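Okay, thanks for coming, everyone. Let me put the structure up on the screen and we'll go through it together.

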Amino acid sequence: MDGVRSEIKEGMLYFMTPLNFHSFNAENCVIYNTMFSEKICNTAFLLGLIRNNEGLSIRLEGEDKIFVEALLSELCEHHKNEEYASFLLNAVLCKLALIKNCNDAEMSTLSRALVYLIEHFRENPTLNDTAAYAGFTPTYFSALFKKEINIGFKEYVDRLRFEYAKKLLEHTDKTVMQVCSESGFDDYPNFVRRFKSRYGIAPGSLKKQQGER
(Lines give C-alpha, C1' and ligand atoms only; values in the text may rest on other atoms or scores of the structure.)
Protein backbone atom coordinates (compact mmCIF):
# COMPACT_ATOMS: atom_id res chain seq x y z
CA MET A 1 0.00 0.00 0.00
CA ASP A 2 1.64 3.22 -1.25
CA GLY A 3 4.84 1.25 -1.72
CA VAL A 4 4.87 -0.27 1.79
CA ARG A 5 4.67 -4.06 1.90
CA SER A 6 2.91 -5.98 4.66
CA GLU A 7 1.91 -9.58 5.23
CA ILE A 8 -1.76 -10.42 4.88
CA LYS A 9 -2.99 -12.31 7.92
CA GLU A 10 -6.37 -13.46 9.11
CA GLY A 11 -8.42 -10.50 10.33
CA MET A 12 -6.45 -7.85 8.45
CA LEU A 13 -8.42 -4.80 7.40
CA TYR A 14 -7.09 -2.17 4.99
CA PHE A 15 -8.78 1.21 4.68
CA MET A 16 -7.85 3.44 1.74
CA THR A 17 -8.88 6.70 0.11
CA PRO A 18 -8.64 7.77 -3.56
CA LEU A 19 -5.15 9.05 -2.65
CA ASN A 20 -3.83 5.56 -1.82
CA PHE A 21 -2.53 2.88 -4.19
CA HIS A 22 -2.46 -0.82 -3.49
CA SER A 23 -2.05 -4.31 -4.90
CA PHE A 24 -2.29 -7.70 -3.24
CA ASN A 25 -1.41 -11.33 -3.78
CA ALA A 26 -3.36 -13.81 -1.68
CA GLU A 27 -4.57 -17.39 -1.88
CA ASN A 28 -7.00 -19.55 0.11
CA CYS A 29 -8.78 -16.63 1.73
CA VAL A 30 -12.00 -14.63 1.58
CA ILE A 31 -11.56 -10.91 0.85
CA TYR A 32 -14.32 -8.33 1.32
CA ASN A 33 -13.77 -5.43 -1.10
CA THR A 34 -16.08 -2.52 -0.26
CA MET A 35 -16.04 0.68 -2.31
CA PHE A 36 -18.29 3.52 -1.18
CA SER A 37 -19.06 7.22 -1.52
CA GLU A 38 -18.56 9.78 1.23
CA LYS A 39 -22.21 10.76 0.77
CA ILE A 40 -23.51 7.77 2.74
CA CYS A 41 -20.98 7.95 5.60
CA ASN A 42 -20.82 9.63 8.96
CA THR A 43 -18.35 12.43 8.27
CA ALA A 44 -16.80 12.47 11.75
CA PHE A 45 -15.94 8.76 11.63
CA LEU A 46 -14.60 9.02 8.11
CA LEU A 47 -12.43 12.09 8.64
CA GLY A 48 -10.91 10.59 11.77
CA LEU A 49 -9.73 7.61 9.71
CA ILE A 50 -8.36 9.59 6.75
CA ARG A 51 -7.01 12.63 8.55
CA ASN A 52 -3.41 12.22 7.37
CA ASN A 53 -4.31 10.96 3.87
CA GLU A 54 -2.56 7.70 4.73
CA GLY A 55 -3.92 4.22 4.26
CA LEU A 56 -4.89 2.38 7.42
CA SER A 57 -4.00 -1.25 8.11
CA ILE A 58 -5.17 -2.95 11.27
CA ARG A 59 -5.49 -6.57 12.42
CA LEU A 60 -8.82 -7.29 14.04
CA GLU A 61 -8.96 -10.08 16.58
CA GLY A 62 -11.47 -11.71 18.88
CA GLU A 63 -14.88 -10.06 19.17
CA ASP A 64 -13.80 -7.11 17.02
CA LYS A 65 -13.00 -9.45 14.13
CA ILE A 66 -16.27 -11.37 14.50
CA PHE A 67 -18.28 -8.14 14.65
CA VAL A 68 -16.69 -6.42 11.64
CA GLU A 69 -16.66 -9.58 9.52
CA ALA A 70 -20.37 -10.09 10.18
CA LEU A 71 -21.11 -6.48 9.19
CA LEU A 72 -19.06 -6.71 5.98
CA SER A 73 -20.71 -10.01 5.05
CA GLU A 74 -24.14 -8.47 5.58
CA LEU A 75 -23.08 -5.36 3.64
CA CYS A 76 -21.99 -7.44 0.64
CA GLU A 77 -25.30 -9.29 0.76
CA HIS A 78 -27.47 -6.15 0.93
CA HIS A 79 -25.36 -3.44 -0.76
CA LYS A 80 -28.22 -2.49 -3.11
CA ASN A 81 -30.36 -1.36 -0.16
CA GLU A 82 -28.74 2.06 0.25
CA GLU A 83 -30.28 2.94 3.61
CA TYR A 84 -29.39 -0.39 5.20
CA ALA A 85 -25.95 -0.45 3.56
CA SER A 86 -25.24 3.02 4.93
CA PHE A 87 -26.20 1.87 8.42
CA LEU A 88 -23.89 -1.16 8.19
CA LEU A 89 -21.00 0.84 6.74
CA ASN A 90 -21.24 3.50 9.42
CA ALA A 91 -21.21 0.77 12.07
CA VAL A 92 -17.93 -0.52 10.61
CA LEU A 93 -16.45 2.99 10.47
CA CYS A 94 -17.57 3.70 14.03
CA LYS A 95 -15.91 0.51 15.25
CA LEU A 96 -12.67 1.37 13.48
CA ALA A 97 -12.76 4.93 14.85
CA LEU A 98 -13.14 3.53 18.37
CA ILE A 99 -10.29 1.07 17.87
CA LYS A 100 -8.04 3.83 16.50
CA ASN A 101 -9.10 6.24 19.29
CA CYS A 102 -10.42 8.87 16.89
CA ASN A 103 -11.93 11.63 19.01
CA ASP A 104 -15.10 13.17 17.57
CA ALA A 105 -14.47 16.32 19.63
CA GLU A 106 -11.36 16.96 17.55
CA MET A 107 -13.27 17.00 14.28
CA SER A 108 -13.01 20.25 12.35
CA THR A 109 -16.08 22.33 11.54
CA LEU A 110 -14.86 21.82 7.98
CA SER A 111 -14.91 18.03 8.25
CA ARG A 112 -17.68 17.67 5.67
CA ALA A 113 -15.76 19.79 3.17
CA LEU A 114 -12.45 17.99 3.77
CA VAL A 115 -14.00 14.57 3.20
CA TYR A 116 -15.69 15.90 0.05
CA LEU A 117 -12.36 17.15 -1.32
CA ILE A 118 -10.61 13.82 -0.70
CA GLU A 119 -13.25 12.20 -2.89
CA HIS A 120 -13.48 14.88 -5.59
CA PHE A 121 -10.09 16.64 -5.81
CA ARG A 122 -9.51 15.25 -9.33
CA GLU A 123 -12.78 16.73 -10.63
CA ASN A 124 -11.91 20.43 -10.38
CA PRO A 125 -14.05 21.18 -7.29
CA THR A 126 -14.75 24.90 -6.97
CA LEU A 127 -14.80 26.88 -3.76
CA ASN A 128 -18.46 27.76 -4.34
CA ASP A 129 -19.53 24.15 -4.88
CA THR A 130 -17.57 22.90 -1.88
CA ALA A 131 -18.93 25.68 0.33
CA ALA A 132 -22.48 24.81 -0.71
CA TYR A 133 -21.90 21.12 -0.01
CA ALA A 134 -20.55 21.95 3.46
CA GLY A 135 -23.40 24.37 4.20
CA PHE A 136 -21.49 27.68 4.15
CA THR A 137 -21.54 30.83 2.06
CA PRO A 138 -18.47 31.08 -0.22
CA THR A 139 -17.03 34.15 1.53
CA TYR A 140 -17.38 32.70 5.03
CA PHE A 141 -16.14 29.30 3.88
CA SER A 142 -13.02 30.79 2.27
CA ALA A 143 -12.08 32.70 5.42
CA LEU A 144 -12.87 29.76 7.71
CA PHE A 145 -10.89 27.36 5.54
CA LYS A 146 -7.76 29.48 5.64
CA LYS A 147 -8.11 30.02 9.38
CA GLU A 148 -8.52 26.32 10.24
CA ILE A 149 -6.31 24.69 7.60
CA ASN A 150 -3.67 27.45 7.48
CA ILE A 151 -3.62 27.51 3.68
CA GLY A 152 -6.09 28.69 1.06
CA PHE A 153 -8.69 26.47 -0.60
CA LYS A 154 -6.97 26.29 -4.00
CA GLU A 155 -3.58 25.56 -2.46
CA TYR A 156 -5.09 22.72 -0.43
CA VAL A 157 -6.73 21.16 -3.51
CA ASP A 158 -3.47 21.49 -5.45
CA ARG A 159 -1.60 19.81 -2.58
CA LEU A 160 -3.92 16.81 -2.85
CA ARG A 161 -3.47 16.74 -6.62
CA PHE A 162 0.33 16.89 -6.49
CA GLU A 163 0.42 14.21 -3.80
CA TYR A 164 -1.74 12.00 -6.00
CA ALA A 165 0.36 12.77 -9.11
CA LYS A 166 3.56 11.82 -7.29
CA LYS A 167 2.06 8.48 -6.26
CA LEU A 168 0.88 7.83 -9.82
CA LEU A 169 4.42 8.40 -11.08
CA GLU A 170 5.89 6.17 -8.37
CA HIS A 171 3.42 3.28 -8.49
CA THR A 172 1.95 3.08 -12.03
CA ASP A 173 3.14 2.89 -15.64
CA LYS A 174 1.17 5.96 -16.72
CA THR A 175 2.89 8.63 -18.79
CA VAL A 176 3.53 12.08 -17.35
CA MET A 177 0.83 13.45 -19.65
CA GLN A 178 -1.67 10.89 -18.32
CA VAL A 179 -0.65 11.65 -14.73
CA CYS A 180 -1.19 15.35 -15.32
CA SER A 181 -4.70 14.78 -16.66
CA GLU A 182 -5.75 12.15 -14.12
CA SER A 183 -4.58 14.30 -11.22
CA GLY A 184 -6.94 17.10 -12.25
CA PHE A 185 -4.47 19.45 -13.98
CA ASP A 186 -5.35 20.82 -17.41
CA ASP A 187 -2.15 22.73 -18.22
CA TYR A 188 0.71 20.30 -18.88
CA PRO A 189 3.67 22.75 -18.98
CA ASN A 190 2.41 24.45 -15.82
CA PHE A 191 2.03 21.06 -14.11
CA VAL A 192 5.61 20.07 -14.95
CA ARG A 193 7.01 23.40 -13.78
CA ARG A 194 5.09 23.42 -10.50
CA PHE A 195 5.81 19.74 -9.80
CA LYS A 196 9.57 20.38 -10.15
CA SER A 197 9.31 23.47 -7.94
CA ARG A 198 7.46 21.51 -5.25
CA TYR A 199 9.51 18.29 -5.20
CA GLY A 200 12.86 19.42 -6.61
CA ILE A 201 12.66 16.99 -9.51
CA ALA A 202 10.80 16.97 -12.83
CA PRO A 203 7.98 14.40 -13.09
CA GLY A 204 9.69 12.70 -16.03
CA SER A 205 12.93 12.36 -14.07
CA LEU A 206 11.08 10.93 -11.06
CA LYS A 207 9.39 8.38 -13.29
CA LYS A 208 12.71 7.42 -14.82
CA GLN A 209 14.25 6.96 -11.37
CA GLN A 210 11.40 4.65 -10.34
CA GLY A 211 11.84 2.60 -13.51
CA GLU A 212 15.54 2.09 -12.78
CA ARG A 213 14.92 0.63 -9.32
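I'll talk about the pocket to start with, and then about how one helix packs against its neighbours.

One caveat before that: this is a predicted model.

So, the pocket. How much space lies in the largest pocket? About 1900 Å³. Its lining comes to 48 residues, and if you want to find the centre, look for Tyr-14, Phe-15, Met-16, His-22 and Asn-33, which lie nearest to that point.

Which elements supply the lining? At least two residues each come from strand E1, at 12-15, and from four helices: H1 (43-50), H2 (62-77), H3 (82-99) and H4 (111-120). For those of you thinking about chemistry, the lining splits by class into 28 nonpolar, twelve polar and eight charged residues.

Keep H4 in mind, since the rest of my talk is about that helix. As a reminder, a pair of packed helices gets described by the angle between the two axes and the distance between them.

Let's take H1 with H4, both of which supply residues to the pocket lining. Their axes come within 9 Å and cross at roughly 60°, so the two helices are oblique to each other. The crossing is left-handed. On the H1 side you have Thr-43, Leu-46, Leu-47 and Ile-50, and they meet Ser-111, Arg-112, Leu-114, Val-115 and Ile-118 of H4. By class, that contact has six nonpolar residues, two polar and one charged.

Now H5, which is residues 127-134. Here the axes of H4 and H5 come within 8 Å, with a crossing angle of roughly 130°. The pair is therefore oblique, and H4 passes H5 in a right-handed crossing. From H4 we have Arg-112, Ala-113, Tyr-116 and Leu-117, meeting Thr-130, Tyr-133 and Ala-134 from H5. The class count for this contact is five nonpolar, one polar and one charged. Note that Arg-112 turns up in the contact with H1 and again in the one with H5.

Last one: H7, spanning residues 153-171. The H4 and H7 axes come within 10 Å and cross at roughly 45°, which makes H4 oblique to H7. The handedness is right-handed here. What meets what? Leu-114, Leu-117 and Ile-118 in H4 meet Phe-153, Tyr-156, Val-157 and Leu-160 in H7. By class, we get seven nonpolar residues, no polar and no charged.

If you're scrolling along H4, Leu-117 meets residues of H7 and is also part of the H5 contact, while Leu-114 and Ile-118 are in the contacts with H7 and with H1.

That's everything from me, so over to you.

Note on methods:
Residues are numbered from 1 along each chain as its sequence is written. This is a predicted model: local features need pLDDT of at least 70, side-chain atom pairs count only at pLDDT 80 or more; totals for chains, interfaces and linings use all residues. Side-chain values use heavy atoms; hydrogens and water are left out. On a 1 Å grid over the protein atoms alone, a cavity is a set of points where a 1.4 Å probe fits but cannot get out, and a pocket is an open set with protein on both sides within 12 Å along at least five of seven lines; lining residues have an atom within 4 Å of a point. Grid points are joined across faces, edges and corners, and a volume is the space filled by probe spheres set on the points. Ala, Val, Leu, Ile, Met, Phe, Trp, Tyr, Cys and Pro count as nonpolar, Asp, Glu, Lys and Arg as charged, and the others, Gly among them, as polar. Axes are lines fitted to C-alpha atoms, for helices over the stretch in contact, and angles run from 0 to 180 degrees between N-to-C directions. Angles under 35 degrees count as roughly parallel, over 145 as roughly antiparallel, 65 to 115 as roughly perpendicular and the rest as oblique. A crossing is left-handed if the near helix is turned anticlockwise from the far one by less than a right angle, and right-handed if clockwise. Contact means heavy atoms within 4.5 Å.
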